[in-house]
Amino acid sequence: MPVKERRTKILLLLFLTKDISFDFVQLDELLLELFDLSLNQKTKGTLSAMLKEGLIEKHDGTSENGSSYRMTDRGFHQLCLEFPAFRYMKEEWDGVWRIISYEIPEKKRHLRDRLRREMRGWGLGPWHRSFWMTAHPVIGPLRDLVYGREEEQYIQAFESTHMFGNMDTLVEKVWGRESIESAYKNLFKDWHATLSKEIEKKDKLKSVLYDYVRILKDDPGLPPSLVGRKWISVEAFGIFKEIRGILLG
């Protein structure tokens with residue numbers, strides 16, 4: 001699985017199994033294996049912590065069926081900080097741009113590198129030198145992230161609803177729209193090749209899932225209202241659901 005953190009795997013499992021319906025999911029052996037999890041003490045401890053934090057909800061079933069879990073809105077927003085492509089599958093963009101500026105001295109490069117790693121999934125794109133831009137509501141998470149830390153003094157952030165200029169040019173310059181489309185087209189080819197193989201359904205689904213998660217990690221989550229309802233990321237989500245339905249059925 002191209003994700004290491006256990007709680008992120010759990011949130012991914014709940015979302016990519018039921019997507020925006022947020023229905024309860026039973027953590028059966030197949031799903032756990034697909035997402036590189038096992039119901040051991042560490043996983044149970046993570047589930048317990050996530051319940052306390054309000055990221056998931058639990059439904060106790062019969063002794064045969066076991067417990068089921070579903071993602072809450074809070075859990076969904078937490079997942080979107082790792083995978084911004086999911087946000088506008090469920091919500092509408094508020095039309096607000098978030099701009100973040102940070103100029104951390106070269107002698108404190110380790111702070112800059114850490115900050116970039118921590119903001120990796122926020123859908124940020126380079127607008128100009130030291131200016132980063134996103135359509136996602138990240139000012140609050142940014143404030144929480146750097147509060148009391150050394151790099152706080154080097155960061156400025158603001159929001160704007162006004163934008164002048166050609167939007168298609170902006171999207172290409174900041175996020176590389178053509179590169180995103182090319183990556184997804186290659187993903188579709190890989191999926192086709194995987195589905196054509198003479199292997200078990202479980203192995204096909206695992207390959208499809210892992211390839212999808214890899215590209216989702218680099219998808220900035222551009223709002224459909226900005227790039228169109230037929231945007232290739234939306235198309236990929238629909239195709240994934242179809243494949244999931246066939247291979248899990």
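Contact here means heavy atoms within 4.5 Å. With that in hand, the predicted model can be explored, beginning with a helix that rests on a sheet. Helix α7, residues 139–146, lies across β4 and β7. The helix α7 runs at about 165° to β7.

The strands beneath α7 belong to an open sheet of four strands, and the order is β5-β6-β4-β7. Pairing in this sheet is antiparallel. It helps to recall that strands of a sheet pair through backbone hydrogen bonds, either parallel or antiparallel. At the edges are β5 (125–128) and β7 (155–160), each of which pairs on one side only. On average, neighbouring strands of this sheet are turned by 30° against each other, with direction ignored. One pair can be followed in detail: strand β4 (residues 97–102) and strand β6 (residues 131–134) are joined in the antiparallel sense over four bridges. Within this part of the sheet, Arg98 stands opposite Thr134 in β6.

Thr134 also appears in the surroundings of a tryptophan. Trp122 is found in the loop between α6 (109–118) and β5. Is Trp122 buried or exposed? Its relative accessible area is 5%, and buried means under 20%, so Trp122 is buried. Leaving aside residues up to four places away in sequence, Trp122 touches Leu81, Pro84, Thr134, His136, Val138, Pro141, Leu142 and Leu145. Pro84 makes a nice example of how a chain folds back on itself in sequence terms: Trp122 and Pro84 are 38 residues apart in sequence, while their C-alpha atoms are 6.1 Å apart in space.

Lys108 offers another pair to follow on the model. Lys108 is found in the loop between β4 and α6. The C-alpha atoms of Lys108 and Phe164 are separated by 35 Å, and these two residues are 56 residues apart along the chain. When residues up to four places away in sequence are not counted, Lys108 touches Glu150 and Tyr154.

A second open sheet has three strands in the order β1-β3-β2, again with antiparallel pairing. The edge strands here are β1 (25–26) and β2 (56–59), and each pairs on one side only. Between β2 and strand β3 (residues 68–71), the antiparallel pairing extends over four bridges. One of the matched positions involves His59, whose bridge partner in β3 is Ser68. This sheet has a helix across it as well: helix α3 (residues 41–52) lies across β2 and β3, running at about 110° to β2.

Two loops hold residues with a positive phi. Phi of Asp19 is near 45°, a positive value in a residue other than glycine. Asp19 lies in the loop between α1 (6–18) and β1, and at 8% relative accessibility Asp19 counts as buried. Asp36 is not a glycine either, and has a positive phi of about 55°. Asp36 sits in the loop between α2 (29–34) and α3. With 43% relative accessibility, Asp36 counts as partly exposed.

The remaining paragraphs turn to helices packed on helices. Two packed helices are described by the angle between their axes and the distance between the axes. Helix α12 (residues 232–248) and helix α10 (residues 201–216) have axes that come within 10 Å and cross at roughly 160°. Angles over 145 degrees count as roughly antiparallel, and α10 and α12 are therefore roughly antiparallel to each other. Their crossing is left-handed. On the α10 side, the contact is made by Lys201, Lys204, Leu205, Val208, Leu209 and Tyr212, while α12 contributes Ala236, Phe237, Phe240, Ile243, Arg244, Ile246, Leu247 and Leu248. By class, the residues of this contact divide into eleven nonpolar, no polar and three charged.

Helix α12 has another partner in α9 (residues 177–195), and the axes of α9 and α12 come within 10 Å and cross at roughly 15°. That angle makes α9 roughly parallel to α12. The crossing of α9 and α12 is left-handed. Here α9 brings Glu181, Tyr184, Lys185, Phe188, Trp191 and Leu195 into the contact, and α12 brings Ile232, Ser233, Glu235, Ala236, Ile239, Phe240, Ile243 and Leu247. The contact of α9 with α12 has ten nonpolar, one polar and three charged residues.

Note on methods:
Residues numbered from 1 in each chain as written. Predicted model: local features only at pLDDT ≥ 70, side-chain atom pairs only at ≥ 80, totals over all residues. Heavy atoms only, no water. Axes fitted to C-alpha atoms, helices over the stretch in contact; angles between N-to-C directions. Parallel < 35°, antiparallel > 145°, perpendicular 65-115°, else oblique. Left-handed = near helix turned anticlockwise from the far one by under 90°. Nonpolar A, V, L, I, M, F, W, Y, C, P; charged D, E, K, R; others polar. Pairing = 2+ DSSP bridges. Buried < 20%, exposed > 50% of the residue type's maximum accessible area, 1.4 Å probe, protein only.
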